[in-house]
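Colleague: Could we go through this model together, feature by feature? I would like to hear the general idea each time, and then the case at hand.

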Amino acid sequence: MGRYLLKRLSQAVLVVISVMVVVFVVTRLIGDPVAVMLPLEATEENRALLEAQLGLDRPILAQLGDFVVDAVRFDLGDSLWQRRPAMDVVLERLPPTLVLVAAGFAFGVLLGVVIGVVSGMRPGGWVDRAAVTLGLLGVSLPQFWIGLVFIVFFSVGLGWFPTSGSGGIEHLVLPAVVLGLPVVGRIALVTRSSMIDELNAQHVKDATGRGVSRTRIVLVHAMKGAGIATITIAGWELIGVLAGGAVVVETVYAWPGIGFTAMQAIERHDIILVQAVVFVVAIMVVTINIIVDVAYTMLDPRVKFDRVS
Amino acid sequence: MNSVSSGSRSERRASAGRLMRIVRDPTALFGVLVLALLVSAALFAPLIAPLDPNKQDLAARLLPPFYAEGGSSQHLLGTDQLGRDVLSRIVHGARISLTIPLVSVTLAGVFGTAVGLLAGYRGGKADAFIMRIVDTLFSFPGLLLALTILAVVGPSFWTLAIVLSLRIWMVFARMTRGLVLSAREAEYVEAAALVGASPVRIMLRHIAPNLTAPLLTLAVLESAHVILSEAALSFLGLGIQPPQTSWGLDVAIGRQYVFSAPWLIIFPGLAIAVAVLGINLLAGWLRVAADPQESAKRFAAAADAPSAWSG
């Protein structure tokens, strides 16, 4: 277990470093960071000054080395917009994102599992058809659009929730639900599918033959098998929510997290702050991957630590 | 998904039977009809659209749709803040919103399949190396990285198409590799190798037929993902740029008028939703049709394939 974790951790560090190398290559080699950051009316002197300030006048490999070493030390440079360390800005904006992601993800997984289990118990029935339709809608509707439609309907029309911003729990409801909707859809479809497989599996049929109650069969025997598939998908969903959904939903609702910050930084041409957000999200993504792998290994005795690479 | 067959005549007959079955499956039929409608809208946009999508008419600004008070049959879905016809913009928007997935999925599919074939057939160190890269890319923070790249490189049709294909080629590589590995172990493939068939012949004659159905299903499914990503990126201002039109871009424009003119966001968004739903229904049906085991679950649709994806 210890050796396995160590191996996974070193892989994770490699992933984060390669994300940062990609960001570096894109910003320094394909793009022109100085041109992006400077206003249109900037002079040659402004340009030279900023280049020197950012160390862009030095050899490219030296820049790459410094960039990676600094990133490993959690030093991404000063945000041009806020004029203080970019990491400080990101860490300050991280808690709202974590609250939103936790709420949206919990909503998505809980509702998704319930819908999946209930519809998987009687495939083809009307409950099942309704659930599958709902699941399909969840994965087909664009999140930013649902977010705006909810604002039109629930905030403007019914006046139940504020249109945007943060504060009490009433600010959290709409963004969390919108963030969780695709999760509900996918988790429901996957849970349903593996539920049907499990209920048809021999060990479950044996249990039925032994006279185990239906409730117990569904909740204990079938859920155990279906749970593994659900956890794998849930890990993917959490990553999607963090690295994609949160940016979109935070922007729609002006939720002051790191996704909204990234969009503000892009508008203000603050590449350094954007890089810091990418860095922190990359770290969270690899951490989730490790947690999912470990959970998976613990739940499924057929998977051995040394076999997972 | 892993059903191995040699692509024989009986399979071809089965696929003709499948075409008949799509007519009998109402959800799949719905998906196909919706897609046919949208594709013809894209192909014949200038003929179908009632007005020029970029023609401004400041006298007719922010007119509501036909069903609302003040709406007219001249602008069925109303007009935007510059007096442009919303319906015409949606019809024309279909062109870009459907071309982007076509281009991105083709690029990603061709490249990913080639890489997957190489890894699966070569095996050994080449396979280990390629799959390590693929695994690493799966751990990349998808949409956020795409945003960063587009912000630096500058958004345009082609940068958008390429960035989106960079996000999904690994899915094709991974699936192709898996299919090649399982097909290689099939007895008829081993038999072909024993009687001295060349690797190229084995690849094309015996392994490739097993790849087409699952890879096509995957391509359909991934195009739904690409439509959603293009829409999200265009909505965030880093996708399609004016004067080009796309559904996501139109929602972004309408956002400023969300309180006074909600139809500006509702209809373009509905177009995205209907397109993605149609594709998901078709992909779900394709998967079920290709796999008899799945037929029992029938309704169990596409979306549970893990992907590098969300948003």
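Colleague: What span should the 13 residues of helix α4 of chain A cover, and how far apart are its end C-alpha atoms?

Modeller: Please bear in mind throughout that this is a predicted model. At 1.5 Å a residue, α4(A), which runs over residues 60–72, should span 18 Å, and because its end C-alpha atoms lie 18 Å apart, the expectation and the model agree. The helix is followed by Phe74(A), whose phi is positive, near 65 degrees.

Colleague: How should I read such backbone angles, and which residue in the loop between α10 and α11 of chain A has a positive phi?

Modeller: Most residues other than glycine have a negative phi, and most peptide bonds are trans. In the loop between α10 and α11 (258–267) of chain A, Ala254(A) has a positive phi of about 50 degrees although it is not a glycine. Ala254(A) counts as partly exposed because it has 14 C-beta neighbours inside 10 Å. His269(A), in the loop between α11 and α12 (271–299) of chain A, likewise has a positive phi, near 55 degrees, and with 18 other C-beta atoms within 10 Å it is also partly exposed. As for peptide bonds, the one from Pro242(B) to Pro243(B) is cis, with omega near 10 degrees, and Pro243(B) is found in the loop between α9 and α10 (247–254) of chain B.

Colleague: Is Ala222(A) buried or exposed, and which residues is it in contact with beyond its neighbours in sequence?

Modeller: Burial is read here from a count of neighbours, with 20 or more other C-beta atoms within 10 Å as the cut-off. Ala222(A), which lies in helix α10 (residues 214–253) of chain A, has 25 such atoms within 10 Å and is therefore buried. Leaving aside neighbours within four places in sequence, Ala222(A) is in contact with Met195(A), Glu198(A), Leu199(A), Val204(A) and Ile217(A).

Colleague: Which residues touch the most other members of the largest nonpolar core?

Modeller: In soluble globular proteins, nonpolar side chains tend to be buried together. Here the largest nonpolar core has 172 residues, and those touching the most other members are Trp145(A), Ala262(A), Ala276(A), Val277(A), Val278(A), Leu144(B) and Leu147(B). Helix α11 (residues 263–290) of chain B gives the most to this core, with 19 residues. Ala276(A), again leaving aside neighbours within four places in sequence, is in contact with Leu76(A), Ala86(A), Met87(A) and Val90(A).

Colleague: How many residues of chain B are in contact with chain A, and which element supplies the largest share of them?

Modeller: In chain B, 42 residues are in contact with 56 residues of chain A. On the chain B side, α6 (142–153), α9 (199–235) and α11 each supply at least two residues, with the largest share, 10 residues, coming from α6(B). That side divides into 31 nonpolar, 8 polar and 3 charged residues.

Colleague: What confidence does the predictor give the complex and chain B?

Modeller: The complex is given an ipTM of 0.86 and a pTM of 0.85. Chain B, which contains 12 helices and 0 strands, has a mean pLDDT of 81, and 85% of its residues reach 70 or more. The pLDDT nevertheless stays under 50 over residues 1–7 of chain B, for which the model has 14 contacts beyond four places in sequence. Over residues 299–311 of chain B the pLDDT is also below 50, and this stretch has 57 contacts in the model beyond near neighbours in sequence.

Terms used: Residues are numbered from 1 along each chain as its sequence is written. Chains are lettered from A and ligands numbered from 1 in the order in which they are written. This is a predicted model: local features need pLDDT of at least 70, side-chain atom pairs count only at pLDDT 80 or more; totals for chains, interfaces and linings use all residues. A nonpolar core is a set of buried Ala, Val, Leu, Ile, Met, Phe, Trp, Tyr and Cys residues joined through C-beta atoms within 7 Å. A residue is buried if 20 or more other C-beta atoms lie within 10 Å of its own, exposed if 12 or fewer, and partly exposed in between; C-beta atoms are placed from the backbone. Helices (H or I, at least four residues) and strands (E, at least two) are DSSP runs, numbered from the N terminus. Two residues are in contact if their C-beta atoms, placed from the backbone, lie within 7 Å. pLDDT is the predictor's confidence in each residue, from 0 to 100. Ala, Val, Leu, Ile, Met, Phe, Trp, Tyr, Cys and Pro count as nonpolar, Asp, Glu, Lys and Arg as charged, and the others, Gly among them, as polar. The expected span of a helix is 1.5 Å times one less than its number of residues.
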